[in-house]
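Colleague: I am new to this structure. Please take one part and look at it closely, then set it beside the rest.

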Amino acid sequence: MIDFLAMGGYWPYVWGSYLVMAGLLLVEMIQLRYRRRSLMGWIRRMARLRAQEERQ
Amino acid sequence: MSERGIQWFRFTAPANFYDLAGRLIPWFAAVTVALFAVGLYLGLVVAPPDYQQGDSYRIIYIHVPTAWMGMFLYVLMAVYAAIGLIWRIKMADVMAKAIAPTGALFTFLSLWTGALWGRPTWGVYWVWDARLTSMLILLFLYLGYMALHAAIDDRQRASNASAVLAMVGVVNVPIIYFSVQWWNTLHQGASITVTDAPTMATIMFVTLMIMVLAAWMYSVTVVLARARVELLERERNARWVQERLEGGSK
Amino acid sequence: MFRPLLALLRRDLTLALRRPQDALTVVGFFVVVVALFPLGIGPDPEFLRSLAPGVLWVAALLAVMLSLERLFSDDYRDGTLEQLLLVPEPMGLLVLTKIFAHWLITGLPLVLISPLLAIQLNLRPDEIAILMLALLIGTPILSLIGAIGAALTLGLRGGGVLIALLILPLYAPPLILGAGAVDAVMHGSSAQAHLSLLGAMMVFALFATPWATAAAVRIMLD
């Protein structure tokens, strides 16, 4: 296990590449999900407002 | 200009695209996860260390896929942008805009991994190698495209103007690449020459191809998801959006 | 056919001559930037000489870029640009005429002043000749490509900074070839390959970019 993590002494470079890539892809997906959530929330609120107006 | 382009293909209608993409995304996501799992296992565990570079060569399994996707996505973005500009297909615009951030991200990652691979291989993080330099300029082109899109308030105008920029950029990419290559060979005395790994073992090649496919599928998944959000944003007041809302959150 | 184009050229030049400070500012910027380099890197003549092609070219490139915002902005503000869209002549040719006028006012002075700065950076006469030739072929390319960026940022807030981001990456090939031409002569080889490629690039830019610029103007005025 230690051998695997050490990557033959090249661990800073190998893991620096892989982890940064994983991190950035994760950030991209989370940001996308957040953007979608907040947009959906907005659309729902507007729909509710419109329904209220119609009732009055 | 005429509006006739919009009704040509059913899948270019926003609602149809939205539904179809929504159905496809989970599948693409599953394939992506599977490919990454296999590719990472093969690349980090199974594949033997390189006889010259030791374990540092393993960066190739993410360096090459990110570089390829960075270049490929730029061309794809320009194609969509051109289709959107010439035939006035709204969906093509949406796709072009959705591709840009992922393409820029991959281009950045190829530079990042290239630098980290360069340190153990050449002794420095950055050399003004033709390929690294071209990728850096490609990253600037992506940033310019996104900045222009963001700077123009009117949506149609933003799409068209950045489409022109993407097309100018795609014509320039080969010119930039060859001039940088030429510049590099002229100055080779001062810099370090970068050569490819001589021959690649089968396991390494197979792993690399799996990782390329994984990056590709990831791009498809994320771009489709972003295109959906983009579409919702543009059509937030359209009836089809309201209809889909009532049927639960999809 | 060419009469309206000549009229447009004369108009642009007259307007520019009426306000010579615009053109002079560009030349002044070029001179100041080049003058600052020795202060930053030291007065060693040999070192300055080896850096001279790059310094002169990057300074010229930045000077052209700074002048680009003016290319269409005045005509955009007073509505002339919209009038030009109604002229029967192809918009590409009109745009090309405007770019030519702009180059005469900003690019050409840079070429003419460059020997003076080259002498300060210890370039030899034959190198200076090549430098001027390269700038003579290269600055029109800079104006032609830059016009696309100027058109795409018409009427935008912070357009000047945006032009830099859009256009500077595209300036890499002319920069490589132009500075490379002088560099080649410096190292005792011929600059012919550089200059022919630069010339080819100019011809290509001459035929291709005005249409892209015209399309961009039309989009931004839509």
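Modeller: What follows starts with chain B, then turns to chain C and to how the chains meet.

This is a predicted model. Confidence therefore comes up along the way, above all for chain B.

Start with the elements. Chain B has seven helices and zero strands. Read along the sequence, the pattern is α-α-α-α-α-α-α. Chain B has 250 residues, and 43% of them count as buried. Now take the contacts in chain B between residues at least 6 apart in sequence. Of these, 79% join residues at least 24 apart.

How far does the confidence reach? The average pLDDT of chain B is 84. A score of at least 70 is met by 87% of its residues. Among the elements of chain B, helix 2 of chain B, residues 60-87, has the highest mean pLDDT, at 93. The lowest mean, 76, belongs to helix 7 of chain B, residues 239-246.

Two stretches call for care. In residues 1-8 of chain B the pLDDT is below 50. Beyond near neighbours in sequence, that stretch has eight contacts in the model. Residues 189-193 of chain B also have a pLDDT below 50. Here the model shows five contacts beyond near neighbours in sequence. Where pLDDT is low, the predicted coordinates should not be read in detail.

Now chain C. Nine helices are found in chain C, and zero strands. From the N terminus on, its elements run α-α-α-α-α-α-α-α-α. Buried residues make up 49% of the 222 residues in chain C. For contacts in chain C between residues at least 6 apart in sequence, 80% link residues at least 24 apart.

What about the overall form of chain C? Along its principal axes, the C-alpha trace of chain C spans about 55 × 35 × 30 Å. The radius of gyration of chain C is 18 Å. A compact globule of 222 residues would have a value near 17 Å, so chain C agrees with that expectation.

Last, the chains together. Two pairs of chains touch, and the most contacts are between chains A and B. Chains A and C do not touch. Their nearest C-alpha atoms are 23 Å apart.

To read chain B, then, begin with helix 2 of chain B, which has the highest mean pLDDT among its elements. Treat residues 1-8 of chain B, where the pLDDT is below 50, with caution.

Conventions. Residues numbered from 1 in each chain as written. Chains lettered and ligands numbered in written order. Predicted model: local features only at pLDDT ≥ 70, side-chain atom pairs only at ≥ 80, totals over all residues. Helix = DSSP H or I, 4+ residues; strand = E, 2+ residues; numbered from the N terminus. Rg over C-alpha atoms; globule rule 2.2 N^0.38 Å. Buried ≥ 20, exposed ≤ 12 C-beta atoms within 10 Å, placed from the backbone. Contact = placed C-beta atoms within 7 Å. pLDDT = per-residue confidence, 0-100.
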